[in-house]
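Biologist: I would like a close look at one stretch of this chain. Please keep it brisk and start from a single residue.

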Amino acid sequence: MSDINTIEKEALASIESAGDLGTLEDVRVAELGKKGRVSGLMKQLGGMNPEERKEMGPKLNALKTRVDEAIRTRKETLEAAALEAQLAREKVDLSLPPAPGPKAGALHPVMQVFEEIAAIFGDMGFAVAEGPDMEDDWHNFTALNFPEGHPARETHDTFFMKALEGDDAKVLRTHTSPVQIRTMMTQKPPIRIIAPGRVYRNDWDATHTPMFHQVEGLVIEKNTHMGHLKGCLIDFVKAFFEVDEVEARFRPHFFPFTEPSAEMDVKYTRKGETIEIGAGDSWMEILGSGMVHPNVLRNCGIDPKEYQGFAFGMGVDRLAMLKYGMPDLRPYFEADPQWTRHYGFAPWATPSVSGGLS
């Protein structure tokens, strides 16, 4: 009993005098650790006879409980004092002037490229058309000549929405082509539009994201042919990349909504980390295009014997990467102010074909 009383008195005094959490932890280890004094007394219970164990057991357990509770109480006190001291040190004087920094935000590169594309095609007589991000199956697939069972209709490519009761199933649009459909159904030819906006596909890597940006173009007129499409797109690439000459080729391809269809490649060369369009011997795919399929025209109430047209589509995010040397698509959507300041543009510098795009 004398050992118990002595240890308790000394332990409680050490706990009360601990001035910081580190010292308190040392006291805990010295008393309650594996080699601590209280733990040492508890180990002696195994060598006692039943009568001694019955008498000493409750007393040792009570000693351990009192020391443990004293440590917990002192720890709470020291933690509260440490927090108060930290708050006092980190107090902010709200009357001080703000730290110096950029006074204006920066225009995101994707928005800059949207503006550049709109300026170029606006100079060619194109208007801007928009539509909803959430579409029905007819506008997103059927009207565009996608057959049943096409891979784009599968869940591994497309985000399908749960249909409300009595409503048609919806999808997050996989392209801005539904804007073309809506335009052809509400406007009479001649039509000359671009359709910029967000689109959604089930992808995620350095060059693909679940949400990205696209611009599509549509021209519906009498006597329009493939030569008009090629000339329009070559002029666009020269203006966008701000080069005098571009060597391009159009490779046969397949799109359900155009016939014939073609992917446009341009020659380029790589200089270090940058890509120069219009020079070199390598070919790079830029966009997809083609003459509007007669079935699409019929679906929109336009007679394909009287009118024909061409359409094209390009990824805005990828064009921005090529022009401004951004290696990874994912930081576009990470909301990092430092990245935006590095790659961003002055918000008041509106692109124009005559005054310069970038």
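Where does Asn223 lie?

Modeller: Asn223 lies in the loop between β6 and α8. Helices (H or I, at least four residues) and strands (E, at least two) are DSSP runs, counted from the N terminus. First, the ground rules: this model is predicted, with local features needing pLDDT of at least 70 and side-chain atom pairs pLDDT 80 or more, while totals for chains, interfaces and linings use all residues. Numbering starts from 1 along each chain as its sequence is written, and side-chain values use heavy atoms, without hydrogens or water.

Start with the backbone. Asn223 is not a glycine, yet its phi is positive, about 65 degrees. Most residues other than glycine have a negative phi. Asn223 is exposed, because its relative accessible area is 63% (exposed is over 50%, buried under 20%, partly exposed in between; 1.4 Å probe, protein chains only).

Now move past α8. The loop between α8 and β7 holds Glu242. Glu242 also has a positive phi, near 55 degrees. Its relative accessibility is 43%, so Glu242 counts as partly exposed.

Between these two loops runs α8, and there the rings come in. The whole structure has 14 aromatic pairs (Phe, Tyr or six-membered Trp rings with centres within 6.5 Å; planes under 30 degrees apart are stacked, over 60 edge-to-face, the rest tilted). Phe121 and Phe236 form a stacked pair, because their ring centres are 4.9 Å apart and their planes meet at 15 degrees. The pair links distant parts of the chain: Phe121 sits in helix α5 (residues 109-123) and Phe236 in helix α8 (residues 226-240), 115 residues apart. Phe121 is buried, at 0% relative accessible area. Phe236 is buried too, also at 0%. Both rings belong to a cluster linked by ring pairs, together with Phe126, Phe240, Phe241, Phe310 and Phe312.

Next, go back to β6 (211-221), on the other side of the Asn223 loop. This strand supplies at least two residues to the lining of the largest pocket. So do α7 (177-186), β7 (248-255), β8 (258-271), β10 (282-292), β11 (308-315) and α10 (316-324). A pocket is an open set of points on a 1 Å grid over the protein atoms alone, with protein on both sides within 12 Å along at least five of seven lines; lining residues have an atom within 4 Å of a point. This pocket has a volume of about 1,000 Å³ (the space filled by probe spheres on points joined across faces, edges and corners). Its lining has 39 residues. Arg201, Phe212, Gln214, Phe255 and Glu285 lie nearest the centre.

There is also 1 cavity of 30 Å³ or more (a set of points where a 1.4 Å probe fits but cannot get out). Its volume is about 50 Å³. Residues lining this cavity include Leu144, Glu216, Phe257, Thr258 and Ala311. Helix α7 gives the most to this lining, with 3 residues.

Two cis peptide bonds complete the tour. Most peptide bonds are trans. Pro189 and Pro190 are joined by a cis bond, with omega about 5 degrees. Pro190 lies in the loop between α7 and β5 (191-200). The other cis bond joins Glu259 and Pro260, with omega about 0 degrees. Pro260 is found in strand β8, one of the elements that line the pocket.
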